[in-house]
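Visitor: I am new to this one. Could you show it to me and explain the words as we go?
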Amino acid sequence: MTRLLFTEAELFPGASRAQLLVYGAARGAMGRMYLSEYLCVTGMTTARLDRWATLPD
């Protein structure tokens, strides 16, 4: 679920284009760090997580 939030949740409605670029970049970086740590701690693989994902390919 956290992975979904980092990739698909709408960023602040009404934010300017510049804000969306900054927030999007920060969210992307945090999402990658989170996923890396999650995989390390749980021993999961991205392939295994992808089977549960609701995200399009």
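Guide: Gladly! Here a helix is a DSSP run of H or I with at least four residues, and helices are numbered from the N terminus. V41 is found in one of them, helix α2. Please keep in mind that this is a predicted model.

Visitor: Why is V41 called exposed?

Guide: Exposed means over 50% relative accessible area. V41 has 62% relative accessibility, so V41 counts as exposed. V41 and E10 are 31 residues apart in sequence, and their C-alpha atoms are 28 Å apart in space.

Visitor: What makes the contact of D50 and R3 a salt bridge?

Guide: A salt bridge needs a side-chain nitrogen of Lys or Arg within 4 Å of a carboxyl oxygen of Asp or Glu. Between the side chains of D50 and R3 the N to O distance is 2.8 Å, so the pair meets the 4 Å cut-off. The structure holds 1 salt bridge.

Visitor: Which parts of the chain does this pair tie together?

Guide: D50 lies in helix α3 (residues 46–52) and R3 in helix α1, so the bridge joins parts that are 47 residues apart in sequence.

Visitor: Why do D50 and R3 count as partly exposed?

Guide: Partly exposed is the range between under 20% and over 50%. D50 has 41% relative accessibility, so D50 belongs there. R3 has 25%, so R3 counts as partly exposed too.

Visitor: How do you know that R27 has no salt bridge?

Guide: For R27, the nearest side chain of opposite charge is E8, 7.1 Å away. The cut-off is 4 Å, so that distance does not qualify. R27 is buried and is found in helix α2 (residues 17–42). Leaving out residues up to four places away in sequence, R27 touches L5, F6, T7, E8, A9 and L11.

Visitor: What makes F6 and Y34 a tilted pair?

Guide: By the ring-pair rule, the count comes to 3 aromatic pairs. In one of them, F6 and Y34 are 5.8 Å apart centre to centre, with 40° between the planes. Ring centres must lie within 6.5 Å, and tilted covers what is neither under 30 degrees nor over 60, so the name fits. The pair links distant parts of the chain, with F6 in helix α1 (residues 2–8) and Y34 in helix α2, 28 residues apart.

Visitor: Then why are Y34 and Y38 called stacked?

Guide: Their planes are 25° apart and their centres 5.9 Å apart. Planes under 30 degrees apart count as stacked, so this pair earns the word. Y34 and Y38 are 4 residues apart in helix α2, which means about one helical turn separates them. F6, Y34 and Y38 form one aromatic cluster.

Visitor: Are the residues of that cluster buried or exposed, or in between?

Guide: In between. F6 has 22% relative accessibility and so counts as partly exposed. Y34 is partly exposed because its relative accessible area is 32%. Y38, at 31%, is partly exposed as well.

Visitor: What makes the nonpolar surface patch?

Guide: F12, V22 and Y23 make a patch of about 310 Å². Patch residues need over 30% relative accessible area. Y23 lies in helix α2, and at 34% relative accessibility Y23 counts as partly exposed, so Y23 passes that 30% cut-off.

Notes:
Residues are numbered from 1 along each chain as its sequence is written. This is a predicted model: local features need pLDDT of at least 70, side-chain atom pairs count only at pLDDT 80 or more; totals for chains, interfaces and linings use all residues. Side-chain values use heavy atoms; hydrogens and water are left out. Helices (H or I, at least four residues) and strands (E, at least two) are DSSP runs, numbered from the N terminus. Buried means under 20% relative accessible area, exposed over 50%, partly exposed in between (1.4 Å probe, protein chains only). Lys and Arg count as positive and Asp and Glu as negative; His and the chain ends are not counted. Contact means heavy atoms within 4.5 Å. Patches are made of residues with over 30% relative accessible area and no salt bridge: like charges are joined within 9 Å, nonpolar side chains (Val, Leu, Ile, Met, Phe, Trp, Tyr) within 5 Å. Accessible areas come from the Shrake-Rupley method with a 1.4 Å probe; for residues, only the protein chains shown count as cover. Rings of Phe, Tyr and Trp (its six-membered ring) pair if their centres lie within 6.5 Å; planes under 30 degrees apart count as stacked, over 60 as edge-to-face and the rest as tilted.
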